[in-house]
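This report describes selected strands and helices of one protein chain. Please read it alongside the sequence and the coordinates.

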Amino acid sequence: MPPKRQPDQSAPATVSATGVAYEGPEKGRDPRAQAGEFLTTPNGVRIPDTDHSLKAGRRGPVLLEDFHLREKIMHFDHERIPERVVHARGAGAHGVFTAYGNAAGVTRAAVLAEEGLETPVFVRFSTVLGSRGSADTVRDTRGFATKFYTKEGTWDLVGNNMPVFFIQDAIKFPDIIHAGKPHPDREIPQAQSAHDTFWDFVSLHTEATHHTIWNMSDRGIPRSYRTMEGFGIHTFRLVNADGETSLVKFHWKPKLGVHSLIWEEAQIAAGVDPDFHRRDLADAIEAGAYPEWELGVQVMPDTDEETFEGIDLLDPTKIVPEELCPVQRIGKLVLTGNPTNYFAETEQVAFHTGHLVPGIEGTNDPLLQGRNFSYLDTQLSRLGGPNFTQIPINRPHAPVNDNSRDGFHQHGIPEGLAAYKPNSVDDDSPALADASQAAYVHVPRKVAGEVVRGAPASFDDHFSHAALFYASLSADEQEHVAEAYTFELGKVYEQAIKERTLGVLAKIDTELCRAVAEGLGLPAPEGTPVEHLAPSPALAQVTGASYPIEGRLVGVVAGPGADIAGVTALREALEAEGAMTKLIAPTGGELSDGGATEVVERTFVTARSVEFDAVVVAGGAPKEKDVKSVVLLLESYRQLKAIGAWGDGADVLTATGIDVDGPGVLTADSAGALVGDLIAAMGKHRVWERAPLVTASQVPPAA
């Protein structure tokens, strides 16, 4: 029986090679899908046998005339295209962006300005350093790229989950990537920055300091793509209907709040489920727990200096604290559909920072200027030529009439004689548009100065924003930053690189430098931390705020004799909040208590703590101390997750060594009495009050 396509995997909108929507057949297959009842060659010739080559006799040589063999093998040999140099490991989803309309005062871009306008989107999340086969949960920056199929053309907002970048000028991009990639002699380590060449570069190139400390924070190991913030990184210029301009920074704010993995979880997940983030995204969409973000902008005056409160807005290593310039929410993004085919959509989607629409312009940020060159250029190698915008996932939903012709993979069939302007043979068609006809007309602005290789003096401040970020974190997050630096530098062989990096940390925070130096067994260098702006509470993840639990997963430990009616009640109560449950038992199959019946979805062999946001032990669960269930419960406790039990399920926790009166350990007489406290605890992401009880003691140095 063929697998049933899930509702969230319906094919993308039907759009022609020239961007014009058309209606598919009223019945039958999508016209872009393979069709017909019989197996054929690429030319549509039906094939009677695809298991045996054409031979001269059953034991004879294969004949060159076997066109089916040649075509089948040829296509297989070329099924792979070059993977992205960066952001190779990715996951994508379809969705819709709805404008609130309150941005009309700052931009004429319809996608942002028209209240209630719904724009189809495709979003690709990714890691930066790793290859396509690397794990999802490595410590790294995450890409957050959104393709808006607007009625005025395609707009790509190509961002990350961090608001700054390692470098200030795109000419250094090959250097930072070469330094971060695996060492060229051994091709290790994969998808990691914990090695000599990365730390050699960033300790010598200190403009990378701010982005590096973001990577060393919990932001470097997000719990889910659904709990990541996104940032446009650069400053953009918005233009309204009157030609007035503002400078803005774009922010994506997740509905579920910002939430990250514990380092131990990230390491476990990389082994037991390297597709952790990809699976989480797909499962949530399939379950109807649609990921959601609000798009916000920080709006600042467009002055000649292009600064705000002393912050250079053209420097991509700087942020503008939200306390100085609040983020105004201007629209909502909801992801509602998984890809139909990974290669056709997620792998072939092509983003470009230069894909802008009227009302949105770039600035003179030197990193953005270089990206505008690089993103277009790389598609020629990956996607085979200049017509990559005709691939279905890249096709604009606005009409295309560009006078470009021919080239590899030309899918359109242009009409007319004149692919040039002006012309007389085609009545000078196509016509040129002006601003009143939604043309992209650049705002006039003066450009002057000496031709020079250099940067403004304001770019020389490499430490104050890194210090601002660290000072804004909670104590738990600061501890994680110190542990991350200690781990990463502990993997570095060259002593001089470690010492140089400690010198950088001394300029950020004295206690941070001391903690890392102690962990490395090195003396902390003398240094005076740089002055910085007031801490920005918006940068901290651990704030005590509560968030919805949509898409969160609760593991329920049960077994023969357990209160299955209680399991059903718990599942239904959590599903009402958008959360999901997985029943865990010693063996697979079904569990029943004579009335209710539940399917076992995980066994003690297949369940691991990293999959769950909370773990609950059902009343009547087995009291035998199965070592795998003990590991599950203790890992969950150590990873600061809510732990619950009802009835004599509390005895299982006690036997495991978990204090039922400890922080975040919830017990009740019944599942119904437990669920309210469980929802509240999960809404806080983690039980941070438990952290002092589970943090490993430092091993004293050897005498």
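The sections below cover strand pairing, one buried residue and helix packing in this predicted model.

## Strand E1 and its partners

Strand E1 spans residues 90-99, and eight of its ten residues are buried, so the strand is largely enclosed by the rest of the structure.

E1 pairs with strand E2 (residues 118-127) in the antiparallel sense, over nine bridges. Within this pairing, Gly95 stands opposite Val121 of E2. E1 also pairs with strand E11 (residues 328-337), again in the antiparallel sense, here over six bridges. Thr98 has Lys332 of E11 as its bridge partner.

## The parallel sheet

An open sheet is formed by six strands with parallel pairing, in the order E17-E14-E13-E18-E19-E20. Its edges are E17 and E20 (665-668), each of which pairs on one side only.

Inside that order, E18 (residues 614-617) and E19 (residues 642-646) are joined by four bridges in the parallel sense. One residue pair in this pairing is Val617 with its bridge partner Ala645 in E19. Helix H16 (residues 649-656) packs on the sheet and touches E18, E19 and E20. The direction of H16 makes about 130° with that of E19. Helix H17 (residues 671-683) packs on the sheet too, touching E13 (553-557), E18, E19 and E20. The direction of H17 makes about 160° with that of E20.

## Thr603 in an edge strand

Thr603 belongs to strand E17 (residues 602-603), which is an edge strand of the sheet. Is Thr603 buried or exposed? Its relative accessible area is 17%; buried means under 20%, so Thr603 counts as buried.

Which residues is Thr603 in contact with, leaving aside its neighbours within four places in sequence? They are Ile584, Ala585, Pro586, Thr587 and Gly588.

## Packing of H14 on H17

Two packed helices are described by the angle between their axes and the distance between the axes. For helix H14 (residues 564-576) and H17, the angle is about 35° and the axes are 9 Å apart. The crossing of H14 with H17 is right-handed.

On the H14 side, the contact involves Gly566, Leu570, Ala573 and Leu574. These meet Ala671, Val675, Leu678 and Ile679 in H17. By residue class, the contact has seven nonpolar residues, one polar and no charged. H17 thus has two sets of neighbours described here: H14, and the strands E13, E18, E19 and E20 of the sheet.

Notes. Residues are numbered from 1 along each chain as its sequence is written. This is a predicted model: local features need pLDDT of at least 70, side-chain atom pairs count only at pLDDT 80 or more; totals for chains, interfaces and linings use all residues. Side-chain values use heavy atoms; hydrogens and water are left out. Buried means under 20% relative accessible area, exposed over 50%, partly exposed in between (1.4 Å probe, protein chains only). Contact means heavy atoms within 4.5 Å. Two strands pair if DSSP finds at least two bridges between them. Axes are lines fitted to C-alpha atoms, for helices over the stretch in contact, and angles run from 0 to 180 degrees between N-to-C directions. A crossing is left-handed if the near helix is turned anticlockwise from the far one by less than a right angle, and right-handed if clockwise. Ala, Val, Leu, Ile, Met, Phe, Trp, Tyr, Cys and Pro count as nonpolar, Asp, Glu, Lys and Arg as charged, and the others, Gly among them, as polar.
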